[in-house]
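Reader: I have a new structure open and I'm not sure where to start. Could you walk me through it, question by question?

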Amino acid sequence: MAYLPLPEEQIIARYGPHLNYEPPDGWQAGGAPDRLVKTHCCFCGVQCGIQLKVRDEKVVGFEPWEEFPVNQGKLCPKGVKRYLQNNHPDRLLSPLLRTDTGFREAGWGEALTRVVDNIRRIQQTYGKDAFAVLSGASLTNEKAYLMGKFARVALGTANIDYNGRLCMVSAGAANRLAFGIDRAANPWSDIPLTDCVLVAGSNIGECFPILTDYLWRARDNGATLIVIDPRLTPVGRTADLFLPVRPGRDSALMNGILHVLIARDWIDHDFIAAHTVGFAAVRETVARYTPQRTAEITGVPAAAIIRAAELWAEAENSLLLHARGIEHHTKGVENVLSCINLVLATGRIGRPGCGYGTITGQGNGQGGREHGQRCNQLPGGRDIDNPQHRQEIAAVWGVPEVEIPHLGLTAVEIMEAIHAGTVKGLFMLSFNPLVSLPDVARTRAALEKLEFYVAIDPFMSETARYADVILAGSLQEEDEGTVTTGEGRVVRIRQAVQPPAHARVDWAIIVEIAQRLGKGNFFPYAEPENIFRELCRASAGGPVDYAGMTYHRIEQHNGLFWPCPAKTHPGTPRLFEGGIFAHPDGKAHFHPVEYRPPAEDVDEDYPIIMTSGRVVSQYLSGTQTRRIGPLVDQYPRPQVELHPQLAETLGVKTGDLVRVESRRGVVTLPALVVRTIRPDTIFIPYHWPGEQSANRLTNRALDPISKIPEFKVCAVRVSKAETNP
Ligand code: SF4
């Protein structure tokens with residue numbers, strides 16, 4: 001069917017986002033709750049423990065959960081307000097079918113019949129792979145596992161991917177290359193034990209606020225802090241040393257620091273010899289990154305590069321933490337490998353207070369990348385094209401190995417396949433690509449070309465407005481399950497309330513569609529725990545092993561760290577102790593990294609670098625948090641951060657509108673003049689849609705290995721806008 005534009009005002013009037021929503025008076029204050037439900041905050045990979053307060057089968061507030069060891073009752077602004085998403089007036093309460101004039105409510109029978117008829121029609125006409133699946137990294141492990149199996153077994157399509165492709169995949173790929181396993185090497189409890197923390201490309205204070213507490217504890221114990229970032233972030237303002245790297249030059253900077261460490265013989269020869277392979281090639285490569293040359297590439301003074309090496313070397317134990325700042329690049333994998341080279345060359349891994357980690361941003365950023373909802377992956381972190389891995393999963397699923405599709409397309413590639421006409425139908429769960437993918441115009445054009453699109457969502461996302469059928473799904477607190485936190489700890493998510501009205505839990509919707517496709521015998525689940533048991537069995541013996549976990553054990557221990565291969569195994573909070581790595585040779589693998597410039601660098605026409613990221617009060621594409629009034633009040637609309645030098649050149653002061661233009665689009669937003677950003681760089685947060693979307697500007701260019709887009713660097717020109725809106 002052809003795309004028909006929908007009346008946006010009517011959609012917003014009914015489905016929001018209603019920005020000024022406040023809870024009914026007295027929800028928090030009045031009366032005792034009927035029950036408190038111990039669960040977790042859904043808005044980042046820290047997964048802080050929280051007790052949701054339930055009265056009259058509604059979530060009406062929260063209480064601290066002080067016994068949960070990670071946050072001990074503390075919460076950031078998003079955690080404090082998360083309860084307001086439940087019972088929100090924007091919630092989708094029943095399935096919606098698209099009409100010529102908008103959407104109409106429908107029963108589940110009619111909606112699912114339409115979904116299944118269109119899946120069949122498209123796959124019979126164009127082939128199995130013409131129906132693609134896009135999923136989310138905020139989903140529970142159970143749903144992540146289910147989506148991978150649903151795509152391969154119920155639909156038979158190779159084309160399933162997830163929005164973690166926009167988030168953690170560079171770190172994941174580098175971890176596998178270097179260590180043979182993809183998980184943070186240390187629990188957060190190691191941070192206070194260290195002598196030096198190096199934070200590269202991570203705005204910890206805003207994106208993972210509760211982790212700052214661990215940094216302060218390390219500081220109280222005497223640890224030094226080095227921060228690498230184009231912006232002087234809140235954590236950066238407290239650092240002993242801040243390295244204001246020019247966006248897109250991270251691998252050169254890490255090579256430069258390692259150059260100094262090698263030149264001064266501050267490396268761990270015994271560790272390198274006993275526990276690693278490939279160091280000679282790295283030494284040869286970084287020999288070219290003298291402090292002077294590195295300074296020219298990165299914009300960081302040579303003296304600061306040398307000082308960073310000194311601080312790292314002086315510490316007995318050190319931890320390197322990074323996040324999307326170095327990963328959202330066309331060389332994101334190389335950037336991460338350059339960090340790992342530094343850690344390995346100095347033997348700083350596998351001991352208390354000594355190691356390495358990537359901080360996962362999405363609610364289940366770790367578990368979401370483990371259980372088979374990636375196009376290149378089967379459950380247990382197995383590889384889709386590894387014959388033995390395929391056999392192992394085929395045996396668990398009860399299907400012939402040849403029927404499991406091979407490598408499919410990644411998230412951005414699926415959008416390109418829609419443009420190319422090879423993907424005609426889309427099944428989407430908890431993904432809002434119209435806000436989160438780069439180059440919004442190209443994504444919108446792809447959605448308009450689809451023959452059929454079905455979305456499962458608890459709220460009407462900007463992307464779901466393009467759907468033919470929207471199935472009213474569930475929020476985290478409306479279902480049972482598990483998630484895996486950024487430190488590799490599997491925790492229990494408990495159902496506080498049922499989904500409202502006719503909305504359903506996501507897993508049950510997926511299972512019913514599988515049944516209607518005639519594949520119900522492969523999906524015999526009565527509850528999420530059944531899915532978890534199968535997930536654990538499927539993971540047994542794989543790179544990501546949950547085989548020894550049960551809901552009961554996870555609850556008993558306030559979470560279990562994988563690998564946990566047996567029911568008697570205590571879990572593994574710290575990896576690589578004794579210098580034993582997960583590659584078959586037991587060694588860690590160095591990978592030489594030669595710096596490459598960004599896919600789109602500045603030039604005369606577009607002389608400023610634009611970078612993007614988060615603000616503390618918002619989460620990802622904002623589908624949930626842009627509806628929570630008190631969070632919106634903290635940062636009501638995106639602003640363009642720019643340095644006073646650039647502002648003076650443009651004749652701009654805070655509050656003036658500036659026009660930012662890249663080769664792909666334009667936004668006009670208020671300026672926020674700050675001294676905390678490089679003068680050659682601007683920053684725009686990415687949580688907003690439409691004309692406020694930072695991703696109107698960003699570049700679709702992909703990392704060749706991880707296929708992550710280059711969100712953190714594109715070339716723009718900036719000018720003062722002529723009129724206020
Ligand atoms: Fe929620 Fe993360 Fe804030 Fe904890 S730090 S309250 S998990 S958003």
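Reader: Where along the chain is the place of Pro563?

Author: This is a predicted model, so it's worth saying that up front. Trp562 and Pro563 are joined by a cis peptide bond, with omega at about -5°. As for its place, Pro563 is in the loop between β21 and β22 (588-589).

Reader: Which residue does a cis peptide bond join to Gly16?

Author: Look at the loop between α1 (8-15) and β1, where you'll find a proline. The bond has an omega of about 10°, and the partner of Gly16 in it is Pro17.

Reader: And Ala501, where is that found?

Author: Ala501 has a phi near 50°, a positive value in a residue other than glycine. Ala501 is found in the loop between β20 and α19 (506-516).

Reader: β20 came up there. In what order do β19, β20 and β21 form their sheet?

Author: Start from the edges: β19 (481-484) and β21 (560-561) each pair on one side only. Strand β20 (residues 489-493) pairs with β21 in the antiparallel sense over 2 bridges. That fits an open, antiparallel sheet of 3 strands in the order β19-β20-β21.

Reader: Which residue in β21 stands opposite Arg489?

Author: β20 covers residues 489-493, and its pairing with β21 is antiparallel. Opposite Arg489, in β21, stands Phe561.

Reader: How does a sheet hold two strands side by side, anyway?

Author: Strands of a sheet pair through backbone hydrogen bonds, and the pairing can be either parallel or antiparallel. For β1 and strand β2 (residues 49-55), the sense is antiparallel.

Reader: Over how many bridges do β1 and β2 pair?

Author: These two belong to an open sheet of 3 strands, in the order β1-β2-β3, with antiparallel pairing. β1 (35-40) and β3 (58-64) are the edge strands, each pairing on one side only. The twist from one strand to the next averages 35°. As for β1 and β2, they pair over 6 bridges.

Reader: Which residue in β2 is the bridge partner of Lys38?

Author: Strand β2 takes in residues 49-55 and pairs with β1 in the antiparallel sense. The bridge partner of Lys38 there is Gln51.

Reader: What joins β4 to β5?

Author: Strand β4 (residues 96-99) and strand β5 (residues 102-105) pair in the antiparallel sense over 4 bridges. Leu97 has Arg104 as its bridge partner in β5. The link from β4 to β5 runs through 2 residues, and it is a hairpin.

Reader: Which residue in β18 does Leu97 stand opposite?

Author: β4 also pairs with strand β18 (residues 469-472), in the antiparallel sense and over 2 bridges. In β18, Leu97 stands opposite Val469.

Reader: Now for the empty space. In which cavity does the ligand sit?

Author: The count comes to 5 cavities of 30 Å³ or more. Residues around the ligand include Cys41, Phe43, Cys44 and Pro209, and the lining of the second largest cavity also includes Cys41, Phe43, Cys44 and Pro209. The ligand sits in the second largest cavity.

Reader: How much space lies in the second largest cavity?

Author: Val46, Gln47, Leu75 and Ile210 are among the residues that line this cavity. By class, its lining has 9 nonpolar, 2 polar and no charged residues. The space in the second largest cavity is about 80 Å³.

Reader: How many charged residues are in the shell around the ligand?

Author: The residues around the ligand include Lys78, along with Gln47, Cys48, Leu75, Cys76 and Gly79. By class, the shell has 8 nonpolar and 2 polar residues, and the charged count is 1.

Reader: What about the second largest pocket: which element gives the largest share of its lining?

Author: This pocket holds about 380 Å³ of space. α5 (169-179) and β15 (382-383) each supply at least two residues of its lining. The largest share is 5 residues, and it comes from α5.

Reader: How many charged residues are in the lining of the second largest pocket?

Author: The pocket is lined by 20 residues, and Ala173, Arg176, Arg374, Asn376 and Asp383 lie nearest its centre. The lining has 7 nonpolar and 5 polar residues, and the charged ones number 8.

Notes:
Residues are numbered from 1 along each chain as its sequence is written. This is a predicted model: local features need pLDDT of at least 70, side-chain atom pairs count only at pLDDT 80 or more; totals for chains, interfaces and linings use all residues. Side-chain values use heavy atoms; hydrogens and water are left out. A residue is near a molecule or strand if one of its heavy atoms lies within 4 Å of it. On a 1 Å grid over the protein atoms alone, a cavity is a set of points where a 1.4 Å probe fits but cannot get out, and a pocket is an open set with protein on both sides within 12 Å along at least five of seven lines; lining residues have an atom within 4 Å of a point. A molecule sits in a cavity or pocket if more than half of its atoms lie within 2 Å of its grid points. Ala, Val, Leu, Ile, Met, Phe, Trp, Tyr, Cys and Pro count as nonpolar, Asp, Glu, Lys and Arg as charged, and the others, Gly among them, as polar. Grid points are joined across faces, edges and corners, and a volume is the space filled by probe spheres set on the points. Two strands pair if DSSP finds at least two bridges between them. Axes are lines fitted to C-alpha atoms, for helices over the stretch in contact, and angles run from 0 to 180 degrees between N-to-C directions.
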